[in-house]
Each structure stands twice: as structure tokens, then as C-alpha cells.
Amino acid sequence: MQITSPQFKENARIALTDVGLQKALGNVKTGFPQKRANAVARLPEFDQLRDQGRDLKNHIIANLDIYLEEFEANVIKNGGHVHWCRTSEDARQTILKICQDKGAKTVTKGKSMVTEEINLNEHLEANGITPIETDLGEYILQLRGEHPSHIIAPAIHLNLEDVSETFHAHHNKPKSMDPAVLMQEAREELRARFVAADVGITGANFLVAETGSSIIVTNEGNGDLTQTLPKTHIVVTSIEKVVPTLEDMTLFLRLLARSATGQEFTVYNTLSTGPKRPEDQDGPEDYHVVLVDNGRSDMVGGELQDMLRCIRCAACMNHCPVYGAIGGHSYGWVYPGPMGSVLTPQMIGIEKAALLPNASTFCGKCESVCPVHIPLPKLMRHWRKNEFERHLTPKAARWGIKTWAFFAKRPSLYRLLSQTSNRMLRLLGGKKGRIHKLPMVSGWTDHRDMPVPSSKTFMQQWNEKQKAGH
Amino acid sequence: MLDNNKQPVIGLFVTCLADLYRPEVVFASIKLLEAAGCRVEVPQSQTCCGQPAFNTGDFSNTADIARLTITALEGYEYVVGPSGSCIGMLHHYPELFQPEDPWHARALALKARAFEITSFLVDVLQFSNIQSQFKGKVTYHDSCSGLRELGIKQQPRALLSQIEGVELTEMEESETCCGFGGTFCVKYADISNRMVGNKTDNVAKTGAQTLLGGDLGCLLNMAGKLQREGKDVQVRHVVEVLADQLSHPALGESAYHLGKSL
Ligand code: SF4
């Protein structure tokens with residue numbers, strides 16, 4: 001997909017005036033956070049689970065190689081194959097080759113953000129293989145030629161009218177505004193494709209080292225069909241998804257469902273462990289796991305290591321007031337919201353993603369809801385530091401902060417600067433007590449008045465009082 | 001808890017916005033601390049907590065400013081300031097130094113002694129003798145840093161509830177960011193504008209005549225927006241009401257004695 005992160009500000013400006021998008025975003029703001037809050041309220045030990053989740057993830061990351069190798073050994077023991085891919089390019093080639101070896105024409109896909117990350121669909125299409133998205137949201141987006149705007153609700157930026165129009169244009173059926181009818185239409189369209197597909201590609205929410213299993217959770221059941229009907233099942237996922245045991249997996253499933261959708265448990269929790277065994281009624285003949293690194297192993301031991309704990313629940317974006325104002329597409333790449341503002345610079349380069357870690361007030365809401373306590377503001381600040389050190393921070397801001405710091409390090413000069421600014425602002429404010437327009441800070445005064453100081457600086461007044469002897 | 005016979009000595013962290021914009025907030029803080037039995041001193045070598053540099057990623061200047069601030073505030077039993085955001089920044093100082101650096105220990109010591117004013121009055125002093133003639137319907141904005149970094153939520157409300165004339169009506173989403181975010185409000189002006197617009201809508205819906213909060217950055221942002229929208233809500237720092245320091249105009253209302261005070 002085309003990266004538009006460098007145009008973040010322009011994207012945001014357009015998003016803010018997009019009536020349909022704003023309507024759709026209104027639903028995010030009220031829906032997800034409320035459901036999460038209710039689910040959390042029903043589970044008194046939720047915070048304890050979060051601490052456990054954080055600690056367990058830290059343990060896994062510290063022993064990532066060990067668990068991944070254990071996972072690989074068990075997949076092989078079960079008759080499956082594991083492919084280690086350092087880059088997106090490696091992963092695309094590996095997957096294409098498996099598909100070509102099977103002579104695949106069509107591929108069904110369950111929802112997978114990692115396949116978005118590695119740009120898989122375009123690559124398959126360019127090589128004559130048709131990918132068919134089977135998650136309802138992804139299916140709608142595929143018809144519309146769009147990308148997900150959210151990591152668990154990919155079509156959250158759309159309204160019912162949009163879906164109705166899209167289906168009408170593609171399904172050759174009368175137009176309907178009834179969600180049940182639309183759902184049925186999608187079902188019918190997809191059933192035939194499930195059966196015809198040569199390969200099924202899914203992501204994985206977790207990989208279980210002790211059994212060599214992968215698990216996907218969905219609320220639609222499309223994942224089950226994607227991985228059981230075709231002859232070949234390819235799991236495309238990333239290395240940090242591994243957990244030691246099935247029991248560990250259930251800890252994360254509990255955290256994930258509540259944080260994501262406010263459910264106690266996701267509806268379909270589908271484990272797959274290798275290809276079909278002789279006694280199995282169904283299942284794929286071939287089972288492949290493609291493990292994508294794509295910059296993740298570089299994060300181990302570095303300042304971004306905490307980000308590897310992420311279980312992709314989307315709570316951070318659901319609660320983010322910036323995401324809530326502009327939606328996911330504004331961020332300009334696969335991962336939006338706070339988690340994206342940390343991950344995107346790592347994956348596409350800070351030069352292109354420089355605006356993202358800065359697009360936060362550091363209100364801290366994301367960190368406060370993250371099920372594995374990822375310090376997202378701190379990690380965004382890490383990128384700001386990186387930008388500052390590499391002179392990527394815009395010149396004016398850089399010069400401004402350095403000049404300001406020059407004063408802030410010299411108390412008596414700082415006092416003078418405050419006094420002068422205080423006097424100037426009060427002069428500009430005149431009798432009204434506020435300024436309507438100030439070109440130097442038009443970002444402020446375009447939208448709001450600027451209150452001016454009420455009197456001389458505190459330090460002036462205090463020191464005058466001290467001198468006067470009280 | 002405090003030893004009853006000992007008068008605690010407070011090093012006041014003025015905060016640069018209060019110094020520059022609203023000295024009354026600092027005087028109100030002093031009045032409250034003195035009413036609670038403290039002796040207040042104003043260390044002269046303090047400037048700003050360094051947050052603008054920290055959040056711009058300029059860690060080297062931040063560390064310089066932190067060293068200056070740590071030195072200025074050393075020797076006081078407590079450090080108290082009228083801002084969750086600035087005190088929250090003092091709590092970040094240990095992150096700026098390696099554990100083996102002696103400044104790290106000094107930063108930790110400051111962190112342990114630094115409190116936002118309402119939290120200090122309630123959590124440390126258990127002060128419950130607020131005297132204020134203020135009358136009116138108010139609503140309260142929970143500023144992000146105070147709320148999430150320092151756990152300030154009930155403290156200002158507990159203090160306000162001691163004033164007979166205060167009628168507190170909570171707004172929807174009182175814990176949602178107002179969109180200020182330091183330089184964010186200028187760098188991402190359109191997004192910030194949407195956020196503050198949501199906030200002023202929620203404020204207006206309460207029908208409160210006064211909006212209170214504990215952080216001047218947010219209060220300036222919301223006051224400016226309310227005024228631009230022509231919404232008739234007065235904006236004040238909560239300590240002005242708690243200390244009954246109300247003779248000066250609300251934020252951004254017409255200045256007084258302009259000629260004389262320059
Ligand atoms: S960063 Fe935390 S809240 Fe955001 S998606 Fe990852 S786990 Fe969920």
C-alpha cells in the first residue's frame with residue numbers, strides 16, 4: 001500500500017471535514033470504550049491479569065529464541081513447515097512460492113494485519129493469484145479497494161450506507177439497508193469461494209510453543225473455513241506472537257477479548273496444530289507457518305522493546321482522542337493510533353513517519369488502558385528524541401526549543417524573559433484581557449482567543465513584597 | 001502524616017505558566033498552604049520544569065534544566081506546585097539519569113517530596129478547613145498528567161465539597177484530553193481544535209457558570225475556545241476558588257488596572 005504518513009497533517013485536515021467518516025468515528029468513541037469499561041468492571045482481578053500479562057510477555061521476549069525454536073520443533077513434529085523471514089520481501093516470496101508450488105489460482109484469507117504489513121495481496125495479484133478476504137470488514141474493503149483503518153475493526157470508518165452502496169455495485173442484487181440482508185449476501189458470495197480456494201491464509205493471535213499450535217480468534221467464524229477447507233493452510237504471523245503454553249495463551253485471550261471488544265471471550269477461538277491427521281475428518285494437507293521479523297528482533301534489548309508485548313487489541317486507538325478525531329487512514333500506513341505511532345517509524349523509517357510520534361498530547365489514556373502496560377507515550381517520546389538527535393525535528397521547532405532552553409537554564413535571564421513576555425502580552429491584550437489574532441501563534445489564534453496575563457509576573461510581585469518587608 | 005508540633009517548610013514550585021500568566025494562582029496556593037500550617041518559601045533559582053524540551057525530544061537540555069531545578073528545590077521538606085503537569089514532569093526526572101549517576105538519586109529524592117497542591121493538601125496534610133465565600137455552579141476538567149501520572153481525581157473535589165456555595169456538576173468525558181498538549185496545540189492545530197471543541201461542548205452542556213481545573217495550560221486552551229465560541233463560562237484554576245482569591249477577572253476576561261500594573 002502507498003505510504004502517506006508524510007502527509008499526516010493534510011490527511012488529518014481532510015478527515016476532520018469528512019462528514020461520513022466523522023459520523024462513523026462517533027460510533028468508535030461511544031462503542032468500544034464503554035464495552036471495555038463494562039467488561040473490566042465485571043472482572044475485579046483484571047488489573048492483576050494485566051500485570052501477569054506484562055510480566056509473562058517480558059519473560060517471553062527475554063527468551064524469544066528459545067520459545068520460537070520450541071515452537072518450530074513442535075510444528076515440524078506435527079508434520080508442518082516453518083519459514084523464517086527477516087524482511088517483508090522474504091515473506092512475500094516465501095508465500096508466493098508455496099502458492100505457486102500448489103498451482104494456486106485463488107487464496108482465501110482470514111483477517112491478518114501482518115499480511116497488510118508485508119503488502120501480500122498486491123504481490124499475489126501481481127503474480128496472477130487472487131486473494132479473497134473473508135472477514136466481513138476486510139471483504140468490504142477489498143471490494144472498495146481500501147485498506148483497514150483499524151486493527152480489529154478494519155472497516156470502522158464506513159457507515160451502513162457505504163456498505164449498502166458497495167454491495168449493490170458488486171453483488172448484482174437489489175439495494176438493501178438491512179444489515180442482516182447484507183450479511184447474508186456476503187455469506188453467499190463467500191461460501192463458494194471458500195470451497196474453490198486452493199490455499200487459505202490466516203494470521204495468528206498467538207503461537208503456542210509447547211504444542212506447535214497457532215490460534216486465531218474471530219467473531220465471524222470465517223477463520224475456521226479459511227484454514228480447514230483449502231488443501232494448504234499458511235499461517236502468516238510475526239515472531240513476538242509466541243507464548244510458552246496453552247495456559248499462558250488463555251491468559252492473553254482473556255485480556256485480549258475484554259480489551260478489544262469488551263467480550264468475556266471472543267466467539268470463535270480456533271487452534272490449528274499441523275496438517276490433517278489420518279483420523280481427522282477435515283483440515284489441510286499442508287500446514288505452513290511464515291514467521292515474519294520485519295524489524296522486530298532489532299527491538300529486542302533496545303528502547304522499543306516494551307512494544308513487543310503488544311497483543312493487538314486496539315484498546316489504545318479506541319481510547320485515543322487523536323485517533324477518534326481523524327480515524328486510522330490519516331496515519332498513512334498499516335498500524336494507526338498510538339501503537340502505530342510507535343511501530344510505524346520502526347517499520348517504514350522515522351524519516352517518513354516523523355509526524356506520527358509527535359501527533360500526541362501525551363494524555364496517557366492509551367497507556368492507562370493497554371492490557372500489557374506498554375508505556376506508549378514514553379515510546380513516542382523516544383522517537384521524538386531520535387528525531388531531535390538526527391536533526392529531523394523541523395528547524396523552527398528545534399531553534400525555538402534551543403533558544404528557550406538557553407533562557408530556562410539561566411534563572412535571572414528567564415525572569416527577564418517572563419517579565420518582557422508578560423508585559424508584551426498584556427499590551428497586546430489591551431483592555432479586553434485576550435488576543436484575537438497573533439500571527440506568531442496562528443495555530444492557536446485561528447481557533448481560539450489567547451488569554452493574556454492578569455498582572456505582573458508572580459516573581460516580580462513576590463520580590464517586590466519581600467522588599468517591602470512582608 | 002505530619003508531626004503536629006512541626007511547621008513543614010515548603011519549597012514552592014511556581015511553574016512558569018502561573019508565573020507568567022496568573023500570579024493569583026501562586027498567591028492562592030501560598031494562602032492555602034499557610035492556612036494549612038505550612039511555611040512557604042519561593043526558591044529563586046527555579047525556572048521551568050523542562051517539559052517543553054523533554055517532549056520535543058531534547059533530552060540534553062532537559063537534563064540540564066532538571067539539574068538546575070533539583071538543586072533549586074533541594075533542602076525543602078516538601079515541594080508543592082499548582083500544576084499536575086509540571087509536578088508530573090519533576091516525577092520524570094529520574095528517567096533522565098543513569099542509575100549510577102548521583103543525579104539519579106537526587107532526582108528520586110525530589111520525586112518523593114514533590115506534590116501537586118490539591119493532592120498535597122488532601123493526601124499529605126488531610127486539610128479540611130477550606131474557607132471560601134464562592135457561590136455558583138461549577139464543572140471540573142481532569143487534566144491528563146495530574147489524573148494519570150499523579151492520581152489526582154478526588155482531591156480537588158474533596159476540597160471543593162467543603163465550600164457551601166459550590167454546586168459541582170460533572171461534565172461528560174471529564175477525563176478526556178482538552179487538546180492542549182503543549183506545542184501540540186500549535187503543531188497540530190486542526191486536531192487540537194476538534195479536541196478542545198468537544199471539550200467546550202461538554203462544558204456548555206453542564207450549564208455551569210465556571211469551569212475549574214488544576215493546570216493552566218489546559219485552562220488557557222479551554223478559556224480561549226469558550227471565548228472564541230461566545231460561550232459564557234468563566235475559567236479559573238481551582239485554587240483561586242479554594243483560597244477565595246476571586247477579586248481578579250477569570251482567565252482571559254478583561255484585565256484590570258492595566259496602566260498601573262505595567
Ligand atoms: S499497544 Fe496495548 S492497547 Fe494498543 S493494541 Fe497493543 S496491546 Fe492493545
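**Entry 1: the two domains of chain B**

I looked up the contact inside chain B, where contact means heavy atoms within 4.5 Å. In this predicted model, 26 residues of domain 1 of chain B touch 27 residues of domain 2 of chain B. I noted the bounds as 9-123 for domain 1 and 132-258 for domain 2; such bounds come from an automatic or database domain assignment. The C-alpha centres of these domains of chain B are 22 Å apart.

Next I checked buried area, the accessible area (1.4 Å probe) that two parts lose on being put together, summed over both. Domain 1 and domain 2 of chain B bury about 2100 Å², with 67% of it on carbon and sulfur atoms. On the domain 1 side, B:Arg22, B:Glu24 and B:Thr118 lose the most area, together 27% of what that side buries.

Which residue forms a salt bridge with B:Arg22? I found B:Glu240, with the closest N and O atoms 2.8 Å apart. A salt bridge here is a side-chain nitrogen of Lys or Arg within 4 Å of a carboxyl oxygen of Asp or Glu. The count between these two domains of chain B is one salt bridge.

**Entry 2: chain A against chain B**

I then turned to the two chains. The contact takes 70 residues from chain A and 72 residues from chain B. Chain A and chain B bury about 6200 Å² between them, and 62% of that is on carbon and sulfur atoms. A:His447, A:Arg448 and A:Phe458 supply 12% of the area that chain A buries against chain B, more than any other three residues.

I found two salt bridges across this interface. In one of them, the side chain of A:Lys409 meets that of B:Asp64, at 2.8 Å from N to O.

**Entry 3: chain A and the ligand**

I looked up the domains of chain A: domain 1 is 31-297 and domain 2 is 409-467. Their C-alpha centres lie 56 Å apart.

How many residues surround the ligand? I noted 14, each with a heavy atom within 4 Å of it. The closest are A:Cys310, A:Cys313, A:Ala314, A:Cys316 and A:Cys370. The shell has 13 nonpolar residues, no polar ones and one charged residue. Here Ala, Val, Leu, Ile, Met, Phe, Trp, Tyr, Cys and Pro count as nonpolar, Asp, Glu, Lys and Arg as charged, and the others, Gly among them, as polar.

**Entry 4: ground rules**

Residues are numbered from 1 along each chain as its sequence is written, chains are lettered from A and ligands numbered from 1 in the order written, and side-chain values use heavy atoms, without hydrogens and water. Local features need pLDDT of at least 70, side-chain atom pairs count only at pLDDT 80 or more, and totals for chains, interfaces and linings use all residues.
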